[in-house]
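Reader: I am new to this structure and should be grateful for a close look at its interior. Please begin with a single strand and then proceed to the empty spaces and the nonpolar cores.

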Amino acid sequence: MLVWALFLVACVASGQSEDLTKYVRTDTGSIDGGNTFPGVTWPLGMVKLGPDLENGADSYSGYQPNGNFTGFSMLHESGTGGAPKYGVVSQLPLIGSITNPLDNLHDTRASPDVTEVGYYRSSLGSGIVVELAARTRGGLYRYTFPNGTMDRNIVVDVSHVLPSYRGQGLGQNYLGGQIDIKEDDEQIHYEGYGIYDNGWNRAAPWRVYFCGYFDTPVAYQTFLSDGRTSDVLVEYGNKTTYESAEARLGAVFFVKNTVVQSRVGVSFISSEQACRNIQEQIPAGTSLETVRDMTKSAWNTDVLSKFTTTDTNETMKTQLYTAMYFTSLLPTNKTGENPLWESSEPYYDDIFTFWDTFRCTTSLLHVLQPEAYEEFIRSLIDVWRHEGYVSDARSSNWNGAVQGGSNSDNVMADAFVKGVRGKIDWNDGFAAMVKNAEVTPPNDDDSRDPSGSVKEGRGALPDWIEHGFITPNFTRSVSRAIEYAANDFALSQVAHGLDNATAAAKYLVRSRNWRNQWNPNMTALGHTGFLGPRDLDDFLDQDPMSCGGCYWGDYYYQGLPWEYSFNAHHDIAEIVSLVGGRDRFIDRLEKLFTPGLIDGNAQFGNTMFNPGNEPSFGTPYLYNFVNRQDLSVRRSRHVAKSYYRPTPDGLPGNSDAGAMESWLLWNMIGLYPLTGQTTFLIGSPWFQDLTIHLAEGKELHISSSGGSEERFYVQSMKVNGEDWNKSWLAWADVFENGGTMEFVLGDIPTNWTTGPLPPSPASEGRYM
């Protein structure tokens, strides 16, 4: 075993010339609403091993900066909202006599946690030190108990789960399970399963299996409560197996050594598979340091090394590699762990949510991990084959949480127009998109939206098809209309590429229906015409600078009418015309960034622009559509420098599964992607040189001269050695076969973009 471990370490040492994980700050965005996961995991890994803390507020990723430790569990998500998910398959080390293992057991924090790529350490108030490492399907705990202490315990509570306190009915529930203590080869191990439901996607019951080993002899006592939530103990003994339909159960393991390691595998298929997972990934005798080094090597090879630079600015490199890390935590690659159907296709889960990630994150996954990206698209299509819909969100093998349109359509169209083929069956892919566009899903009676399905599809489709707009009979009517239009544009793109001219024309026409939601009489700050609510007879009164609650039951979801009125990115030329031309378009954009025009939003200077919400993501770059690229650079650079830091409070809002970090990454590269199109809007790069290592050995080299913190305006640029005067470029220019982008930067805005405007395909009646 020693030889095996040394071999692995040697492989790690030789496989990567520079350890880029030293630049990753794994606690970035972990407080003040960022909700990121600071524990240990692999790129897109199923196991996310980390602490669970309780302080009376929702612990979305398990972590809190204060409160009490209630366990260290194997499954988490990162940057999610709505309600916590997972926090299952837990261990909790404790000192002293345990009378009731279900009586609110916890420990305090003695000093700040230590977190880095592949390693996590918590120092508990009792003096116990907990260290964690992980592979994709298993995790490793190392406990160091204080010398001289007695009654060293490790509690395994099958019913442990992250609770919710928001009162929206999204709290997870433990529904039952099994624990079986087995003695083989003079070694005790435990295995079993737990059944749970709910969470942010309001999931039906799901089951996870576990298999745990200790590296030292242990004694044990199993326990069983008299009900799902009761902490009145009715059984506590050395019975080897408990199984219950609802009662809480688990085991307490008693250890003699002061240093103890425990290896735990998980599976969604069976406890036998959970045992195989841990034995294959972390065999007996594997040190925590070995697992840590393997994890760091995986991050270096699979993600971080895709971007390289000779720039010496440590802060910028820290932001770069930290953002790359957090964009690769979700979705989860659960290939081989799908309990619902047998398939030769890959299986990806924990998609939170395309409403959040379609704008920046999925296009970045294409660049960073093209093989995983192709598998991801194949998995989406396979979900449609077996469940009928590709949803906007999925977790614990259950669709749920459609906040706007069927934005999986945008994701698939983006892959299609950028030439992703491989083993993807695009005829099936298009059929999945047509299902979203033509078939209203059944109402799933979700209290967040009584008007239609939250689980999948387009719940407001009846209005969209019959009227070409959406009435207040359906909640979020205005914001859904602009998203349905973008979804239909996505269908037109794929239909055109599949030589289906009839469908392409149909959906291109439908993609313009957002215009039917345009109220020419809505007025504010000297501007007239905005997206507004309407019934069958007329438009309704609406203030362009207010969205009411901006939530599930309102006309607009998480964005102001002023913001949403810029969001038809496939039809921007029409927006420029509707608002009164180039100068009025620029002034309207400028109003978004002007402080003091609205009350509230104090975190962002009382501006209508909200960097913490996805409907605003593309807005700073829209000046490019009227050849004012300098203003795009000014506004986007200000946002990035003002609201992003590589610190625990360094995000402007909820990470949203890496969406915030992916926006920052594109800003650092100097491009902004228009999803579903081949167009990238040009910004301003941060680095003097940056190489993006693409698929098949291709490379995109980005260089800049004359730049600094104050000198970031583009003076001129070349693409592939040729002078460039356009404020945009296409996928084929620099990504498809690699290429070069050479920027000259300075401190004075310069009008160098004198060439053709970016495409506005729905306005021009064309396909990308």
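Author: The following account takes up one strand, then the cavities, and then the nonpolar cores.

This is a predicted model, in which local features need pLDDT of at least 70 and side-chain atom pairs count only at pLDDT 80 or more, while totals for chains, interfaces and linings use all residues. Residues are numbered from 1 along each chain as its sequence is written, and side-chain values use heavy atoms, with hydrogens and water left out.

The strand is S8, residues 152–157. Helices (H or I, at least four residues) and strands (E, at least two) are DSSP runs, numbered from the N terminus. Six of the six residues of S8 are buried, so the strand is largely enclosed by the rest of the structure; buried means under 20% relative accessible area, exposed over 50%, and partly exposed in between (1.4 Å probe, protein chains only). Arg152, Ile154 and Val156 point one way from S8, whereas Asn153, Val155 and Asp157 point the other way, and all are buried.

S8 also has partner strands, two strands being paired if DSSP finds at least two bridges between them. Strand S3 (residues 88–95) runs antiparallel to S8 and is joined to it by four bridges; here leucine 94 has asparagine 153 as its bridge partner. Strand S15 (residues 249–255) is likewise antiparallel to S8, with six bridges, and its glycine 250 stands opposite aspartate 157.

The empty spaces come next. Rolling a probe the size of a water molecule over the atoms shows where empty space is left. On a 1 Å grid over the protein atoms alone, a cavity is a set of points where a 1.4 Å probe fits but cannot get out, and lining residues have an atom within 4 Å of a point. Grid points are joined across faces, edges and corners, and a volume is the space filled by probe spheres set on the points.

The structure holds seven cavities of 30 Å³ or more, and the largest has a volume of about 280 Å³. Its lining consists of 19 residues, with Phe358, Ala486, Asn567, His569 and Thr675 lying nearest the centre. Helix H11 (477–497) and strand S24 (671–673) are the elements that give two or more residues to this lining, and H11 gives the most, with five. By class, the lining of the largest cavity has nine nonpolar, eight polar and two charged residues, where Ala, Val, Leu, Ile, Met, Phe, Trp, Tyr, Cys and Pro count as nonpolar, Asp, Glu, Lys and Arg as charged, and the others, Gly among them, as polar.

The second largest cavity has a volume of about 110 Å³. Of the 14 residues that line it, Leu330, Pro331, Thr357, Thr361 and Thr362 are the closest to its centre. Helix H5 (354–357) and helix H6 (361–368) each supply at least two residues of this lining, and H6 gives the most, with three.

The cores complete the account. A nonpolar core is a set of buried Ala, Val, Leu, Ile, Met, Phe, Trp, Tyr and Cys residues joined through side-chain atoms within 4.5 Å. The largest has 108 residues, and those with the most contacts inside it are Phe307, Phe585 and Phe735. Helix H17 (residues 659–669) contributes the largest share of this core, eight residues. Phenylalanine 735 touches Val367, Trp666, Leu671, Phe680, Leu694 and Leu700, not counting residues up to four places away in sequence; contact means heavy atoms within 4.5 Å. A second, separate core of 50 residues includes Tyr120, Tyr141, Ile179 and Val208.

Note on methods:
On a 1 Å grid over the protein atoms alone, a cavity is a set of points where a 1.4 Å probe fits but cannot get out, and a pocket is an open set with protein on both sides within 12 Å along at least five of seven lines; lining residues have an atom within 4 Å of a point.
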